[in-house]
Amino acid sequence: MVQGAANWNTELTEEWLQNYVDDWVAFYRKMTSDGKVASYIPILEEANQNHLGITIMGNNGMTIRSGDTDIPFTIQSISKVISFIVGCMERGVQYMLDRVDVEPTGEAFNSIMHLEMKQLKKPFNPFINAGAITVTSMLEGNTSDEKLKPIIDLMERMFGYRPALNVDVYESERDSSMRNRAIGYYLLETGFLESDMNITLETYFKQCSIEITIDDLAKFGMILANDGEDPNSQEEIIPRPIARIAKALMLTCGMYDASGKFATYVGIPAKSGVSGGIIAVSPPRVREEELPFLDGCGIGVYGPALDEQGNSEAGIRLLRHIAKQWDLSIF
Ligand code: DON
């Protein structure tokens, strides 16, 4: 018995687990007051500071939903996982990794320090803004809508519906994102961009502004937990090698300068977004005792009150608790 894991010596029914998760969400909702909703993209400040919700979708067909689960929000940086996957599917993994590295930076998601100080041959990873904007420039297509289409196509295959662009969020970021435009000019100067800078930034702002729910994140996470195959249809949605690289990057870079702590205290691949979303992936695991979701699950969390690293304050604490109770760590 792993220290800290609950003794689940009872039938792991959906109802039984639901009661526990409801209690945990109620408890960690109090922590939302320790965070602050994003404001550098002005419209994001309209989010409700106290919202917290979670959806857990298991490969075994079990789904637990608790808290604020029906709140639509924009995917933001979680879209970087999808754009990287699409780039690998379009161009091939080696093409992408020749142009963006797979190393964590330990810096904020929108830092440009390394670009200037280290005279890099390529951005550190595809999840910091410099790397993500580079990835978006590599996507096929000459207009933002052409570049965006395969991203939304992949979302539609995973989510079961075609998500829409939140135009208000797109316009709010488009009109306020001096930092990303500075990054864009750095990337233009260093020759990293493979498309027109303005088209690339327009695409990037749009991909971040696609509206989703935590059910969608849980479905995406479940497919990644299954190495790219949809457990319900047995259809390959994402080629296995690409799904595995995406999970490795999520583990090492997905939470930016909190990725080390998240890997240590939660121990599963995850990616955050500045509107408060987190996708987490619990691959199938072998344990001595019966524990929830042993054959894998995807988790979607929404909590717009952010910590200093731009990750959901209460969402991370809730995931840390669940990981300890259910011994989710892949280590
Ligand atoms: O580029 C930006 O700043 C936002 N569109 C996305 C940043 C983000 O989600 C960082 N993740 N916590």
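Modeller: Let's start with a definition: a residue is buried when its relative accessible area is under 20%, exposed when it is over 50%, and partly exposed in between (1.4 Å probe, protein chains only). Bear in mind that this is a predicted model, where local features need pLDDT of at least 70 and side-chain atom pairs count only at pLDDT 80 or more, while totals for chains, interfaces and linings use all residues. Residues are numbered from 1 along each chain as its sequence is written, and side-chain values use heavy atoms, with hydrogens and water left out.

Biologist: Okay, try it on D327. Is that residue buried or exposed, and how do you know?

Modeller: D327 has a relative accessible area of 11%. The limit for buried is under 20%, so D327 is buried. You'll find D327 in the segment after α13 (313–326). Helices like that one are DSSP runs of H or I with at least four residues, strands are runs of E with at least two, and both are numbered from the N terminus.

Biologist: And what makes the backbone of D327 stand out?

Modeller: D327 has a positive phi of about 50 degrees, although it is not a glycine. Q234 isn't a glycine either, and its phi is positive too, at about 60 degrees. Q234 sits in the loop between α10 and α11.

Biologist: Why is Q234 called exposed?

Modeller: Its relative accessibility is 52%. Exposed starts over 50%, so Q234 counts as exposed.

Biologist: Now the cysteines. How many disulfides does a search of the whole structure find?

Modeller: Zero. A disulfide needs a pair of cysteine sulfur atoms within 2.5 Å. The sulfur of C88 is 13 Å from the closest cysteine sulfur, in C253, so that's too far for a bond.

Biologist: Are those two cysteines buried or exposed?

Modeller: C88 is at 4% relative accessibility, so it counts as buried. C253 has a relative accessible area of 3%, so it is buried as well.

Biologist: On to charges. What makes D68 and R29 a salt bridge?

Modeller: The rule asks for a side-chain nitrogen of Lys or Arg within 4 Å of a carboxyl oxygen of Asp or Glu. In the pair of D68 and R29, the closest N and O atoms are 2.7 Å apart, so the pair qualifies. The two come from distant parts of the chain, 39 residues apart: D68 is in the loop between β2 (63–67) and β3 (73–74), and R29 is in helix α1 (residues 14–29). D68 is buried at 17%, whereas R29 is partly exposed at 28%.

Biologist: What about D215 and R65: how do you know that they tie together separate parts of the sequence?

Modeller: They form a salt bridge, with the closest N and O atoms 2.7 Å apart. D215 lies in helix α10 (residues 214–225) and R65 in strand β2, so the link joins parts that are 150 residues apart in sequence. D215 is buried, at 15%, and R65 is partly exposed, at 39%.

Biologist: Where do D153 and K149 lie?

Modeller: Both are in helix α6 (residues 144–159), four residues apart, which is about one turn of the helix. Their closest N and O atoms are 2.7 Å apart, and they form a salt bridge. They also belong to a network of salt bridges that links K149, D153, E156 and R162. By the salt-bridge rule, the count comes to 16.

Biologist: Which residues gather in a patch of negative charge on the surface?

Modeller: E45, E46, D168 and E171. Patch members have over 30% relative accessible area and no salt bridge, with like charges joined within 9 Å (for nonpolar side chains, Val, Leu, Ile, Met, Phe, Trp and Tyr, the limit is 5 Å). E171, in helix α7 (residues 167–174), is at 32% relative accessibility, so it counts as partly exposed and clears the 30% limit for a patch.

Biologist: One last place: how do you know that I299 is buried?

Modeller: I299 has 1% relative accessibility, so it counts as buried. I299 is in strand β7 (residues 297–302), and its C-alpha is 4.3 Å from that of A218, though they are 81 residues apart in sequence. A246, in helix α11 (residues 240–253), is buried at 0%.

How values were computed: Accessible areas come from the Shrake-Rupley method with a 1.4 Å probe; for residues, only the protein chains shown count as cover. Lys and Arg count as positive and Asp and Glu as negative; His and the chain ends are not counted. The place of a charge is taken as NZ of Lys, CZ of Arg, CG of Asp or CD of Glu.
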